[in-house]
Amino acid sequence: MTLTDSPSGTLQDAAVAPPGIPSRGRAVRRAPVDTRTTAPVLDVTIPVFNEERDLEECLRRLHAHLVDSFPHSFRITVADNASTDGTLKIAERLAREFPELAVVHLDEKGRGNALRKVWLASPSPVLAYMDVDLSTDLAALAPLLAPLISGHSDLAIGTRLTRNSRVVRGPKREFISRSYNLMLHSFMGARFSDAQCGFKAIRADVAQQILPYTVDNSWFFDTELLVLAERCGLRVHEVPVDWIDDPDSSVDVVRTAVADVRGMARLTRDLVYGRIPVPELRAALARGPLPASSRADEQTPGSSLFGQLVRFAVIGAASTLAYLLIFLFCRGFMDPQLANFLALLITAVANTGANRRFTFGIQGGNPVRHHFEGLIVFGIGLLLTSGALALVHSTTTPDRWLEVVTVVAANLAATAARFLLFRLWVFRERTPRGQSAAAGGPSPTNPNTSATSTETAAS
């Protein structure tokens, strides 16, 4: 990466090594940003690739808005992602005109790559970015930045998907955007409302700690950053925006959506296999409890019943298929009851682990207890399926496929019972003995009460 303060300026190496995780106690709130710093308080990055048509108008509008309405020092950084047209020359020409404008040229394409490199190298305490087409009304910039400067929030995003947002765009983009966010809520337990709005800001002290653990170089970077922020217990502030779609946008919406789904699968693997040290990051970055409150409720991220049902159904479908394959395989050389026992035992252990992690969002805690109670639930399923097999064998001499239909039907009934037992017993949050709900413990009437770090300004 090279940094050009002016077209004729010197080039500076900007390689940044990932910082270590600080070992410090949790703070109840962040300190306000020191606005008397010699560095610009705000650094707004504009990632561009072959945007010679829109770039000059964008930069002039944004610069004029910041001069008129932002009360602190600022810098606008154009991050040129290997453009092949006149984008870089236009940016460098405008840098001669505006002292607050810097230009960064990168040889690799990708919004995520550009933001990661520019933000990690920036000296500013508040970092932001927006799309070059300025589809988002700049009036939302002040409420986006204010909670970061005050220390109230760690990351702020514009959202087009709340009822107070005003959006003009085609039905295809609207459908894809809402479907993608529904998938994030259902499969990853996300609580933010809009992952891909190109209008975000983050405190630099937080960015320095979590950006090195993001790996996506393209559009999924936004989602990866938000999911990681929520898993680390950071506060995400949402601002409803007025947004007008750019009909000439070069973004391939369908291709981007497919890449985002692949990114979800990759991020899920990274979280499951521990590539991202979420517990350590959470210990270092999560906000501490308010007085007389407990952090136990933050160990299980809150999720709606609908989201839990969707994730449980997906895991259940995979478990049922695995159960059926194992049963058919074992049935070839053992009696049906033993084949049923082995198939149910193997899938029950895997099912409990998957539901613990994905459906109910539990990390850490006591997995041994959960698996022990899961085996008790497995026993109930075993009674249902074994009883169904015994019943069908007592009334007839079934062929192989009648046995399969019988155990699948019994397994579906066991699945419904498993969800209820998981939700109301196995993964129900326990209030520590002697701790009342008034002292910060979970409500005994709501087994899924938990803190949420996402604040939606549009509620």
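Visitor: Why are α7 and α9 called roughly perpendicular to each other?

Guide: This is a predicted model, and in it α7 and helix α9 (residues 278-285) pack at an angle of about 70 degrees. Roughly perpendicular covers 65 to 115 degrees, so α7 and α9 earn that name. Their axes lie 9 Å apart.

Visitor: How do you know that α7 and α9 meet, and through which residues?

Guide: Contact asks for heavy atoms within 4.5 Å. On that basis L228, E230 and R231 in α7 meet V278, L281 and R282 in α9.

Visitor: What makes up the contact of α7 with α9 by class?

Guide: There are 3 nonpolar and 3 charged residues, and no polar ones. Leu and Val count as nonpolar, Glu and Arg as charged.

Visitor: And what about α5 and α10, at what angle do they pack?

Guide: Helix α5 (residues 171-188) packs against helix α10 (residues 305-331) at about 75 degrees, with the axes 7 Å apart. Set that against the range of 65 to 115 degrees, and α5 is therefore roughly perpendicular to α10.

Visitor: Which residues of α5 and α10 meet there?

Guide: From α5 you get L182, H185, S186, F187 and M188, and from α10 F306, G307, V310, R311 and V314. By class that contact has 6 nonpolar, 3 polar and 1 charged residues. Gly goes with the polar ones under this scheme.

Visitor: What makes the largest nonpolar core a core?

Guide: Its members have to be buried nonpolar residues joined through side-chain atoms within 4.5 Å. The largest such set has 43 residues, and W119, I202 and I210 have the most contacts inside it. Helix α7 (residues 221-231) gives the most to this core, with 6 residues.

Visitor: What does I202 touch?

Guide: Leaving out residues up to four places away in sequence, I202 touches W119, P125, V126, L127, L148, D154, L155, A207, I210 and L225. There is also a second, separate core of 41 residues, with L59, L138, A201 and V239 among them.

Visitor: Which residues of helix α4 are called buried?

Guide: Buried means under 20% relative accessible area. In α4 (residues 141-150) the buried residues are L141, L144, L145, P147, L148 and I149. They pack against β3, α1, β6, β7, β9 and β10. Just after α4, G151 takes a positive phi of about 90 degrees.

Visitor: How many residues of the whole chain count as buried?

Guide: By that cut-off, 51% of the 459 residues do.

Methods:
Residues are numbered from 1 along each chain as its sequence is written. This is a predicted model: local features need pLDDT of at least 70, side-chain atom pairs count only at pLDDT 80 or more; totals for chains, interfaces and linings use all residues. Side-chain values use heavy atoms; hydrogens and water are left out. Buried means under 20% relative accessible area, exposed over 50%, partly exposed in between (1.4 Å probe, protein chains only). Helices (H or I, at least four residues) and strands (E, at least two) are DSSP runs, numbered from the N terminus. Axes are lines fitted to C-alpha atoms, for helices over the stretch in contact, and angles run from 0 to 180 degrees between N-to-C directions. Angles under 35 degrees count as roughly parallel, over 145 as roughly antiparallel, 65 to 115 as roughly perpendicular and the rest as oblique.
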